[in-house]
Amino acid sequence: MKDLRDRIAGALYGVAIGDALGAPLEFMSKDEIARKHGRVTEMIGGGWLNVKPGEVTDDTQMTLAVAEGIVANPDDPIQEIGARFIEWVKSGPKDIGGTCNMSIRGAATRSHQEAPNEEKWIEASKYTCETNRGRSGGNGALMRTVYPGLYYEGQLEAVAAAASIAQMTHWDEKSTEACILYTGMIQLITGSNNDSGAWLHVNRTLKGSEYKLEPRKDVEPTGYVIDSFKCALHSLATTETFEEAIIEAANLGGDADTIAAITGGLAGAIYGYKEIPERWIQSLDPKTRAQLDRLIDAAVTNREDE
């Protein structure tokens, strides 16, 4: 049996671990990874971003911004999250997706306040979609959507928050649907007191959607939200531990950091924090670990108090 804290900590750390393991492999094909590295199982660093071993990227940074915003104002987190997005963009991060970048900058210019309201975010998100000729279905919203499922006690509250947060940057039906499914699974899994129940929640949540928890021969590790989500589910379906799932996801290549981060949130919730290899946890920056631990405490406290 796994308790609530173990599953919540596993999910949040899972995102960061997956991000860091996959970052050096981003934009490489599966065959290129095999030729250059064999099968990557450690935090090697490098890649096109020249990350240090264990260094996280925008996947984790935006996830943390979402989490901090929710903790600051759980009932209406959009402005708090948005202020953190804008501050993050101004800091000059190593990597930021085009859709996220355009929407965040657009929201900032639409408001004379430091924290645009939800209306301004929707305006910016819709404009980004229109400017990109309707293409706003990248995985940049899905990669950051774990925390609503960790923090909120009610599933409806969690998925409603996830949808609103996703639409701050991605005005796309498929993106929003994926975020709702993902958050719904995370919320239910973390409340499970046994592993069979956790897996049951995954399959029940996906029922009726285009997603299945199954091995796939046609996985395409692209940045398109449907492809990324299918890769994450494939990685879960073909493995039996947290470590195996993250390694499988990262070694698919393509948008490796984001796919491994998405996988990490689900795998961490299912298998729990205690199943994450200690060497991977210790590879993360101490400041990142401290922030993760604080946000885990906040989520556990809120769930237990409800």
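Here are a few worked exercises on salt bridges, aromatic pairs and the nonpolar core of this structure.

This is a predicted model, where local features need pLDDT of at least 70 and side-chain atom pairs count only at pLDDT 80 or more, while totals for chains, interfaces and linings use all residues. Residues are numbered from 1 along each chain as its sequence is written, and side-chain values use heavy atoms, with hydrogens and water left out.

**Exercise 1. Find out which parts of the chain the salt bridge between Arg39 and Glu248 links, and whether each residue is buried or exposed.**

Step 1. Start with the rule: a salt bridge needs a side-chain nitrogen of Lys or Arg within 4 Å of a carboxyl oxygen of Asp or Glu. The structure holds 14 salt bridges. In one of them, Arg39 and Glu248 bring their closest N and O atoms to 2.9 Å.

Step 2. Now place the partners. Arg39 sits in the loop between helix H2 (30-37) and helix H3 (58-72), and Glu248 belongs to helix H12 (residues 242-250), so look for distant parts of the chain, 209 residues apart. Helices here are DSSP runs (H or I, at least four residues), numbered from the N terminus.

Step 3. Check accessibility (buried is under 20% relative accessible area, exposed over 50%, partly exposed in between, with a 1.4 Å probe and protein chains only). Arg39 comes out partly exposed at 45%, whereas Glu248 is buried at 13%.

**Exercise 2. Do the same for the salt bridge of Arg303 and Glu153.**

Step 1. The N to O distance is 3.4 Å.

Step 2. Arg303 is in helix H15 (residues 286-305), and Glu153 is in the loop between helix H7 (146-151) and helix H8 (155-166). The two are 150 residues apart.

Step 3. Arg303 is buried, with a relative accessible area of 7%. Glu153, at 36%, is partly exposed.

Step 4. Look for shared partners too: Lys2, Arg7 and Asp195 are joined into one network by salt bridges.

**Exercise 3. Work out how the rings of Tyr13 and Tyr273 are arranged.**

Step 1. Aromatic rings are described by the distance of their centres and the angle of their planes. Rings of Phe, Tyr and Trp (its six-membered ring) pair if their centres lie within 6.5 Å; planes under 30 degrees apart are stacked, over 60 edge-to-face, and the rest tilted. That rule gives nine aromatic pairs.

Step 2. For Tyr13 and Tyr273, the centres are 5.1 Å apart and the planes are at 65°, so the pair is edge-to-face.

Step 3. Tyr13 lies in helix H1 (residues 4-22) and Tyr273 in the loop between helix H13 (256-271) and helix H14 (278-283), so the pair ties together parts 260 residues apart in sequence. Tyr13 is buried at 2%, while Tyr273 is partly exposed at 26%.

Step 4. Compare Tyr151 and Tyr152, an edge-to-face pair with 5.3 Å centre to centre and 85° between the planes. Both are buried, and Tyr147 joins them in one aromatic cluster.

**Exercise 4. Find the residues with the most contacts inside the largest nonpolar core, then trace what Phe85 touches.**

Step 1. A nonpolar core is a set of buried Ala, Val, Leu, Ile, Met, Phe, Trp, Tyr and Cys residues joined through side-chain atoms within 4.5 Å. The largest one has 90 residues.

Step 2. Those with the most contacts inside it are Phe85, Ile104, Tyr147, Leu150, Phe229 and Leu266.

Step 3. For Phe85, skip neighbours within four places in sequence and list the contacts (heavy atoms within 4.5 Å). They are Met62, Ala65, Val66, Ile104, Trp121, Arg144 and Met168.
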